[in-house]
Amino acid sequence: MVTSSALLQTELLRLVTAGSVDDGKSTLIGRLLYDTKQILVDQLEHIQETSKRRGDGYVNLALLTDGLRAEREQGITIDVAYRSFVTPRRRFQLADAPGHVQYTRNMVTGASTADLAIILLDARKGVVEQTRRHSYIAAILGIPHVVVAVNKMDLVEFSEQRFVEIETELGETSERLGLRDVRVIPMSALRGDGVVEPGDGMPWYEGPTLLDHLETVEIAADRDLDHRRFAVQWVIRPISEEHHDYRGYAGRVAGGVWRAGDDVVVLPSRRRSRVASVEIADGPLELAVPGMSVTVRLEDDLDVSRGDMLVDPEEAPTVARELEATVCWMAERPLEPRTRLVVKHTTRTVRAIADELLSVIDIHTLEDRAGPERLELNDIARVRLRLADPLAVDPYADNRTTGAFILIDESTNDTVGAGMILSASS
Amino acid sequence: MHAPVHLSHLDEFEAEAVHIMREVAAELERPVLLFSGGKDSIVLLRLAEQAFRPGKFPFPIMHVDTGHNFPEVIEFRDRRVAELRETLVVASVQASIDTGRVVEETGPRASRNQLQTTTLLDAIEEYGFDAAIGGARRDEERARAKERIFSFRDDFGQWNPRAQRPELWDLYNARVRRGEHVRVFPISNWTELDVWQYIAREQLELPPIYFSHEREVFRRDGMLYAVSEFVERMEGEEPFSASVRFRTVGDMSCTGAVASEAGTLEQVVSEIAATRVTERGETRADDRASEAAMEDRKRVGYF
């Protein structure tokens with residue numbers, strides 16, 4: 001068992017799994033949880049009873065991941081489920097997204113925060129349309145690491161030749177999509193080979209098991225440590241005797257390493273100052289890195305408020321009034337050109353008009369089709385947006401925080417789209 | 001180029017939760033933080049300090065009081081709120097019973113757990129709260145694994161799992177209309193073990209019932225319950241003294257104890273790391289009632 005002191009230093013890996021029930025995705029997740037001893041006695045008893053009542057004939061590990069009653073009754077997965085597991089080497093946060101075509105929006109949601117995607121395929125079928133679709137989504141969402149789990153190797157007699165064929169085909173797809181780090185791992189989730197333990201079916205395979213790879217893939221270098229970005233979320237201004245003149249800008253570091261003495265420019269006002277201190281509630285920090293929630297104090301008394309962005313004056317983002325972005329449309333109601341929407345980007349919310357639908361991707365062939373009349377639910381398209389007020393943005397490929405936005409429909413308050421910035425202009 | 005800096009999982013989860021609390025404060029008009037005196041809400045108070053100090057919390061703290069509390073927990077609550085110098089609002093289930101809003105259950109299995117929902121929704125309406133920050137976690141139960149961090153509630157306080165807003169990156173859509181509200185769960189992604197590790201790291205004080213102590217208990221349905229004036233014992237439920245601690249803190253009528261010798265934070269963390277039964281499966285009678293017990297209660301407005 002893991003000792004508690006070791007766990008205090010455990011690094012977090014966020015991952016998303018994509019694939020359908022037919023590829024054995026639920027079995028794979030069940031296997032990962034079961035072989036890393038995350039399933040507790042009462043949960044196991046519960047799924048044993050349910051499997052029996054449903055007449056499954058075996059302990060259905062897939063039941064572990066079915067959350068809502070409708071899902072259990074219909075034997076399908078509807079929504080993204082989030083679950084946790086831990087090993088002595090890492091703490092894992094898994095977003096389990098259903099894989100069907102109509103659930104593109106769910107995979108995009110699960111993928112948005114992922115460090116790594118596991119894309120499942122069936123060794124008998126090889127690379128199919130769905131594999132390319134999931135790889136495409138991993139690529140546009142900028143997931144730094146991808147694992148292709150070639151499952152059901154037991155059903156192709158653990159054939160090395162079959163595995164190599166699939167690996168070659170995947171190489172072509174990955175290159176075309178611009179995926180940087182793709183690892184292909186053969187396995188049988190049903191038997192357990194290649195998931196946590198190597199098993200005895202594939203002596204020819206010398207690479208890591210899935211868990212080995214998840215535990216060791218280097219993720220700390222994925223964050224942008226070179227371009228300082230900090231969106232102000234909240235201004236801390238205690239009105240008390242003790243902290244009479246205190247004024248701190250609270251937020252989460254979106255890029256770069258922050259230290260006292262750093263020069264900053266405030267966007268969009270372009271006023272300049274210098275960092276007086278970087279603090280948390282307990283006191284000042286030596287430095288702050290991306291992902292940390294901190295408070296930044298400036299040397300000068302400027303008028304800075306929520307929605308402003310503090311950045312490196314030498315490497316500032318574009319202050320944009322017009323964006324070109326990849327948009328995933330997530331609403332039943334189609335998006336027509338000239339529709340008015342609200343864009344939420346970092347801590348700033350502005351009105352916008354979807355001026356032009358430039359092209360839409362055919363999710364089956366991954367071909368671009370120019371000038372669509374409208375976008376339907378689950379469509380992924382290139383869209384030009386005109387903003388009522390400026391936003392300080394980076395291309396999504398450079399920064400997954402300052403390059404991302406959501407679209408909100410003001411008449412319903414629903415989140416209707418997700419956007420990844422390609423380019424921007426003032 | 002800078003060398004990569006490794007943040008631990010607790011650093012990441014803390015930063016995520018602080019970010020969420022600040023978003024609530026910035027985007028909603030009248031938030032409230034729900035506090036039960038339990039370990040999860042004690043963690044929330046610490047996260048609120050990390051988010052807003054040296055300023056004051058931009059929301060009051062609310063306790064939905066069943067009247068069937070462990071006295072140690074109420075003593076702890078009042079002391080902690082006084083130390084923080086923040087505002088406490090108490091919504092009383094007893095008052096809901098007295099005014100006829102709800103009817104008390106009777107018999108040996110009577111519990112005020114279900115009644116809390118009405119008291120909570122009434123308080124949200126009375127004070128005009130548009131956001132309620134709570135300490136629920138996705139690892140507690142399968143329906144919660146699918147719930148958003150910003151979980152929208154309609155005019156009737158109901159959760160509709162089929163119509164949840166997509167939640168991407170750390171961009172939360174907090175928009176509500178008048179009468180609607182949003183439940184916000186900053187520690188959604190934490191597990192029971194993460195919570196205990198964070199408590200140990202931050203050296204947070206907890207009510208004494210979380211640590212091993214001698215107590216008069218009786219056995220029911222395989223669980224140990226504290227002997228108290230709030231629970232009627234059935235025939236054959238003989239009280240006996242045992243060394244126990246509590247894994248969760250709720251109403252005395254539905255919170256079970258576990259046999260334990262763990263008297264310090266470190267011992268509790270080790271015990272949790274080695275445990276083989278989930279927290280709610282072991283100690284919460286309210287979740288054992290049916291397969292979809294939590295989903296049903298959440299749909300009508302439970303925490």
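**Exercise 1. Two helices of chain B**

At what angle do helix α1 (residues 9–27) of chain B and helix α2 (residues 39–52) of chain B pack, and how far apart are their axes? Work this out in the predicted model, and then find which residues make the contact.

*Solution.* Begin with the geometry: the two helices pack at an angle of about 70 degrees, and their axes lie 9 Å apart. Angles of 65 to 115 degrees count as roughly perpendicular, and therefore α1(B) is roughly perpendicular to α2(B). Next, look at the residues: α1(B) contributes B:Glu14, B:Ala17, B:Val18, B:Met21 and B:Arg22, while α2(B) contributes B:Leu47, B:Ala48, B:Gln50 and B:Ala51. Finally, sort the residues of this contact by class, which gives six nonpolar, one polar and two charged residues.

**Exercise 2. A second partner for α2(B)**

Describe how α2(B) and α6(B) cross, and say which residues of the two helices meet.

*Solution.* The axes of α2(B) and α6(B) come within 10 Å and cross at roughly 50 degrees. This angle is neither under 35 degrees, nor over 145, nor from 65 to 115, so α2(B) is oblique to α6(B). The crossing of these two helices is left-handed. On the side of α2(B), the residues are B:Lys39, B:Asp40, B:Val43 and B:Arg46, and they meet B:Val195, B:Tyr198, B:Ile199 and B:Glu202 in α6(B). Sorted by class, the contact of α2(B) with α6(B) has four nonpolar, no polar and four charged residues.

**Exercise 3. The sheet and its helices**

In what order do the strands of the open sheet of chain B lie, and which strands form its edges? Then place α1(B) and α5(B) on the strands.

*Solution.* The open sheet has six strands in the order β3-β2-β1-β4-β6-β5 (chain B), and their pairing is mixed. The edge strands are β3 (88–92) and β5 (150–153) of chain B, each of which pairs on one side only. From one strand to the next, the twist averages 30 degrees.

For one pairing in detail, take strand β1 (residues 31–34) of chain B and strand β2 (residues 61–65) of chain B, which run parallel and are joined by two bridges. Within this pairing, B:Leu34 has B:Met62 in β2(B) as its bridge partner.

Now add the helices: α1(B) lies across β1, β4 (131–133) and β6 (181–184) of chain B, and runs at about 160 degrees to β4(B). Helix α5 (residues 116–127) of chain B also packs on the sheet, where it touches β2, β3, β4 and β6 of chain B, and its direction makes about 130 degrees with that of β3(B).

**Exercise 4. Where chain B touches chain A**

How many residues does each chain bring to the contact, and which helix of chain B supplies the largest share?

*Solution.* Count the two sides separately: chain B brings 56 residues and chain A brings 59 residues. On the side of chain B, at least two residues come from each of α1, α2, α6 (192–202) and α7 (265–273). The largest share of that side, ten residues, belongs to α1(B). By class, the side of chain B that touches chain A has 23 nonpolar, 15 polar and 18 charged residues.

**Exercise 5. Domains of chain A**

Into which domains is chain A divided, and how many residues of domain 2 of chain A are in contact with domain 3 of chain A?

*Solution.* The division gives domain 1 (4–222), domain 2 (229–315) and domain 3 (318–425). Taken over C-alpha atoms, the centres of domain 2 and domain 3 of chain A are separated by 29 Å. In the contact, 13 residues of domain 2 of chain A meet nine residues of domain 3 of chain A. On the domain 2 side, β7 (229–236), β8 (248–255) and β13 (309–311) of chain A each supply at least two residues, and the largest share, four residues, comes from β7(A).

Methods: Residues numbered from 1 in each chain as written. Chains lettered and ligands numbered in written order. Predicted model: local features only at pLDDT ≥ 70, side-chain atom pairs only at ≥ 80, totals over all residues. Axes fitted to C-alpha atoms, helices over the stretch in contact; angles between N-to-C directions. Contact = placed C-beta atoms within 7 Å. Nonpolar A, V, L, I, M, F, W, Y, C, P; charged D, E, K, R; others polar. Pairing = 2+ DSSP bridges. Left-handed = near helix turned anticlockwise from the far one by under 90°. Domains from an automatic or database assignment.
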